[in-house]
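Welcome! Here are a few short exercises for getting to know a new structure, each with a worked solution. Keep the viewer open and try every task before reading on.

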Amino acid sequence: MYVYIAIIAYFVVLFLTLRDIRIFRRTRIISYRKGALKGIISSFVMLVGVILTLLNPELGMLVVFIGLYVNRKGQREIVF
């Protein structure tokens, strides 16, 4: 069960990172570039957490939650 939660959280962060990359490529607004870079770092941390969840669920979920904390939303401009 913990593995499924970790995988869903990983894909959510990947989706948000791809959204930030797409918006940055279209508008060249720097805050979306920073968000995309934070998302890439966060997705790597969360991928490590997903792998650790297979071995030790509590430690893996802790790493996943740390990755979610790293990916917190920063100040962004209104695009749409």
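**Exercise 1. Find where Arg-28 sits, and say whether Arg-28 is buried or exposed.**

Solution. Start with the place: Arg-28 belongs to the loop between α1 and α2. Keep in mind that this is a predicted model. Next, look at the backbone: phi of Arg-28 is near 60 degrees, a positive value in a residue other than glycine. Finally, check the surface. Arg-28 has a relative accessibility of 55%, so Arg-28 counts as exposed, the cut-off for exposed being over 50%.

Now step back to Thr-27, which lies in helix α1. Thr-27 has a relative accessible area of 33% and is therefore partly exposed. In space, Thr-27 is 32 Å from Ala-6, C-alpha to C-alpha, with their positions 21 residues apart in sequence.

**Exercise 2. Describe the overall plan of the protein: how many helices and strands are there?**

Solution. Count the elements to get three helices and zero strands. Reading along the sequence then gives the pattern α-α-α. For the extent, the C-alpha trace spans about 40 × 15 × 15 Å along its principal axes. The protein has 80 residues, and 32% of them count as buried. As a last step, turn to the contacts with a separation of 6 or more: 65% of them come from residues 24 or more positions apart.

**Exercise 3. Compare the span of α2 with the expected one, and list which residues of α2 are buried.**

Solution. Helix α2 covers residues 30–55, which is 26 residues. From first C-alpha to last, α2 reaches 39 Å, close to the 38 Å expected at 1.5 Å a residue. The buried residues of α2 include Ser-31, Tyr-32, Gly-35, Ala-36 and Gly-39. Further along, Ser-42, Ser-43, Met-46, Gly-49, Val-50 and Thr-53 are also among the buried residues of α2. A general point helps when reading such a list: an α-helix has 3.6 residues a turn, so residues three or four places apart point the same way. The partners of these buried residues are α1 (2–27) and α3 (57–70).

**Exercise 4. Work out how α1 runs relative to α2.**

Solution. Take the geometry to begin with: the axes of α1 and α2 come within 8 Å and cross at roughly 160 degrees. Because angles over 145 degrees count as roughly antiparallel, α1 is roughly antiparallel to α2. The crossing of α1 past α2 is left-handed. Sorted by class, this contact has 19 nonpolar, six polar and two charged residues.

**Exercise 5. Do the same for α2 and α3: at what angle do they pack?**

Solution. The angle is about 170 degrees, and the axes of α2 and α3 are 7 Å apart. That angle makes α2 roughly antiparallel to α3. Among the α2 residues in this contact are Lys-38, Ile-41, Val-45 and Leu-52, while the α3 side includes Pro-57, Leu-59, Met-61 and Val-64. The residues of the contact divide into 14 nonpolar, five polar and one charged.

**Exercise 6. Zoom in on Ser-42: which residues does Ser-42 touch?**

Solution. Locate Ser-42 in helix α2. Its relative accessible area is 0%, so Ser-42 is buried. Leaving aside residues up to four places away in sequence, Ser-42 touches Val-13, Gly-67, Leu-68, Val-70 and Asn-71. Ser-42 is also one of the α2 residues that meet α3.

Definitions and conventions. Residues are numbered from 1 along each chain as its sequence is written. This is a predicted model: local features need pLDDT of at least 70, side-chain atom pairs count only at pLDDT 80 or more; totals for chains, interfaces and linings use all residues. Side-chain values use heavy atoms; hydrogens and water are left out. Helices (H or I, at least four residues) and strands (E, at least two) are DSSP runs, numbered from the N terminus. The expected span of a helix is 1.5 Å times one less than its number of residues. Buried means under 20% relative accessible area, exposed over 50%, partly exposed in between (1.4 Å probe, protein chains only). Contact means heavy atoms within 4.5 Å. Axes are lines fitted to C-alpha atoms, for helices over the stretch in contact, and angles run from 0 to 180 degrees between N-to-C directions. Angles under 35 degrees count as roughly parallel, over 145 as roughly antiparallel, 65 to 115 as roughly perpendicular and the rest as oblique. A crossing is left-handed if the near helix is turned anticlockwise from the far one by less than a right angle, and right-handed if clockwise. Ala, Val, Leu, Ile, Met, Phe, Trp, Tyr, Cys and Pro count as nonpolar, Asp, Glu, Lys and Arg as charged, and the others, Gly among them, as polar.
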